[in-house]
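Got the viewer open? Here's a short tour, one selection at a time.

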Amino acid sequence: MRKFAAALALCAFAFPALAADAEGKITKIDQENLTITLENGQTYKLPTEMDVSVIEQGMDVVVAYREVDNGVKQITDMLLPE
């Protein structure tokens, strides 16, 4: 049983952090760096395949993201208003 608990504890460190989410208005779009900033002041990295023309400043969004490479918040999913 101890071996199982030790293996489970090690697995917890081996997997990347689970996704988180944030919501709010877009206050800045940086097309060159593929990032958006929300009204909470946090900057989120857009996926490279994202069509940036579908988003605009002032738009309400919900983003799911995971932290990668020194705290970069990489967007994994984004909900846009209908």
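What share of the chain's residues count as buried? Of its 82 residues, 27% do. Keep in mind that you're looking at a predicted model.

**Whole chain.** Start with a cartoon view. You should find one helix and five strands, in the order α-β-β-β-β-β from the N terminus. Switch to a surface: about 6200 Å² is exposed, with carbon and sulfur atoms supplying 54% of that. If you like contact maps, take the contacts with a separation of 6 or more: 42% of them link residues 24 or more positions apart.

**Residues 20-30.** This selection is strand β1, and Asp30 belongs to it. Show the side chain of Asp30. Is there a salt bridge to go with this buried residue, or none? None: the nearest side chain of opposite charge is Lys28, 5.0 Å away, and a salt bridge would need the nitrogen and the carboxyl oxygen within 4 Å.

Now add Glu32 and Asn33 to the selection. A polar atom of the Asp30 side chain sits 3.1 Å from the backbone nitrogen of Glu32. The Asp30 side chain also makes a polar contact with the side chain of Asn33, at 2.8 Å.

**Residues 60-68 and 72-79.** Next stop, the hairpin. These selections are strands β4 and β5, which run antiparallel and are joined by seven bridges. Pick Tyr65 and look across: its opposite number in β5 is Ile75. Then move to the turn, where three residues lie between the strands. Click on Asp69 and check its backbone: phi is positive, near 35°.

How values were computed:
Residues are numbered from 1 along each chain as its sequence is written. This is a predicted model: local features need pLDDT of at least 70, side-chain atom pairs count only at pLDDT 80 or more; totals for chains, interfaces and linings use all residues. Side-chain values use heavy atoms; hydrogens and water are left out. Two strands pair if DSSP finds at least two bridges between them. Helices (H or I, at least four residues) and strands (E, at least two) are DSSP runs, numbered from the N terminus. Buried means under 20% relative accessible area, exposed over 50%, partly exposed in between (1.4 Å probe, protein chains only). Contact means heavy atoms within 4.5 Å. Accessible areas come from the Shrake-Rupley method with a 1.4 Å probe; for residues, only the protein chains shown count as cover. Lys and Arg count as positive and Asp and Glu as negative; His and the chain ends are not counted. A polar contact is a pair of N or O atoms within 3.5 Å; within protein, one must be able to donate a hydrogen and the other to accept it, and residues adjacent in sequence count only if both atoms are side-chain atoms.
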